[in-house]
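The paragraphs below go through a predicted model, beginning with its ligands and then turning to its helices. Please keep the sequence and the structure in view while reading.

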Amino acid sequence: MPLFQWLFQRLTGLVLLVGLFIHFLVMHYTGGEQIGYQAVMARLDNPLWVAFDLVFLLSVLYHGFNGLWGIVTEYTSDGILRRVLHAVIIMAVIGLTVTGVSIITA
Ligand code: HEM
Ligand code: HEM
């Protein structure tokens with residue numbers, strides 16, 4: 001695995017550690033109405049929450065799928081199976097990134 005992928009896996013892991021802690025506190029300890037439509041829309045009016053959500057979303061997508069690709073490269077050798085799995089991962093990342101970013105910035 002190239003150095004920047006190794007490094008980014010760890011950096012995004014750190015972002016997730018902090019981000020998941022904040023996400024967990026907001027979603028579970030600030031009252032049940034926090035996960036309702038109105039509360040989510042109110043948060044998305046605040047550029048700081050939009051920035052948080054974008055960083056959080058892009059980090060989990062990179063971390064999860066780069067990690068999955070790392071596993072694929074460990075269990076497959078160069079060939080058709082690896083190329084198909086690579087294409088599936090790339091398409092999933094693109095689809096989820098476009099969907100997630102357009103929801104957050106809508
Ligand atoms: C029961 C647990 C959870 C609840 C109730 C919950 C709830 C929510 C809500 C209401 C939002 C909308 C954004 C906002 O209001 O700030 C959101 C966004 C998000 N959540 Fe969670 N969440 C949970 C668990 C998780 C976990 C475990 C992860 C990561 C593995 C995660 C990742 C994300 C990401 C990346 C976003 C931003 C993406 C977007 O808005 O498109 N969530 N979550
Ligand atoms: C507290 C949050 C998290 C931290 C601190 C964290 C940290 C890490 C670190 C340091 C690695 C590299 C391990 C190694 O190369 O030996 C890793 C790998 C990985 N992470 Fe995370 N991670 C977190 C959350 C997540 C989430 C939410 C997902 C899924 C969406 C995920 C999926 C993966 C995968 C698939 C790998 C590759 C596993 C492997 O190579 O065997 N992680 N994580």
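Ligand 1 is surrounded by 14 residues, and the closest of them are Met-27, Ile-35, Val-40, Leu-57 and Gly-100. Four elements give two or more residues to this shell: α1 (3-29), α2 (37-43), α3 (47-75) and α4 (80-104). The largest share comes from α3, which supplies five residues. By class, the shell around ligand 1 holds 10 nonpolar, two polar and two charged residues.

Ligand 2 has 13 residues around it, with Gly-13, Leu-16, Leu-17, Gly-64 and Gly-67 coming nearest. Here the elements that give two or more residues are α1 and α3. Again α3 gives the most, in this case seven residues. The shell around ligand 2 divides into six nonpolar residues, six polar residues and one charged residue.

Since α3 leads in the shell of ligand 1 and in that of ligand 2, the helix itself comes next. At 1.5 Å a residue, its 29 residues should span 42 Å; the end C-alpha atoms of α3 are 42 Å apart, so the expected and modelled values agree. Three residues of α3 are buried, namely Asp-53, Phe-56 and Ser-59. The cover over the buried residues of α3 includes α1 and α4.

How do α3 and α4 pack, in terms of the angle and the distance between their axes? The angle is about 175°, and the axes lie 11 Å apart. An angle over 145 degrees counts as roughly antiparallel, and therefore α3 and α4 are roughly antiparallel to each other. The contact of α3 with α4 is made up of 15 nonpolar, two polar and two charged residues. On the α3 side the residues are Val-50, Asp-53, Leu-54, Leu-57, Leu-61, Phe-65, Leu-68, Trp-69 and Val-72. They meet Arg-82, Leu-85, Ile-89, Ala-92, Val-93, Leu-96, Thr-97, Gly-100, Val-101 and Ile-104 in α4. Many of these positions can be read against the helical repeat. An α-helix has 3.6 residues a turn, so residues three or four places apart point the same way. Leu-57 and Gly-100 belong to this contact, and both are also among the closest residues to ligand 1. Asp-53, another residue of the contact, is one of the buried residues of α3.

The length of α4 can be checked in the same manner: at 1.5 Å a residue, its 25 residues should span 36 Å, and its end C-alpha atoms are 36 Å apart, which agrees. Despite its contact with α3, α4 is hardly covered, and the count of buried residues among its 25 residues is zero. Ser-102 lies in this helix. Is Ser-102 buried or exposed? Ser-102 has 9 C-beta neighbours inside 10 Å and so counts as exposed, the limit for an exposed residue being 12 or fewer. Its C-alpha atom is separated by 30 Å from that of Pro-2, 100 residues away along the chain.

That leaves α1, which gives residues to the shell of ligand 1 and to that of ligand 2. At 1.5 Å a residue, the 27 residues of α1 should span 39 Å; the end C-alpha atoms are 38 Å apart, which agrees. This helix too is hardly covered, with a count of one buried residue among its 27 residues. After α1 comes Gly-31, whose phi is positive, near 105°.

Methods:
Residues numbered from 1 in each chain as written. Chains lettered and ligands numbered in written order. Predicted model: local features only at pLDDT ≥ 70, side-chain atom pairs only at ≥ 80, totals over all residues. Near = placed C-beta within 6 Å. Nonpolar A, V, L, I, M, F, W, Y, C, P; charged D, E, K, R; others polar. Axes fitted to C-alpha atoms, helices over the stretch in contact; angles between N-to-C directions. Parallel < 35°, antiparallel > 145°, perpendicular 65-115°, else oblique. Contact = placed C-beta atoms within 7 Å. Expected span 1.5 Å × (residues − 1). Buried ≥ 20, exposed ≤ 12 C-beta atoms within 10 Å, placed from the backbone.
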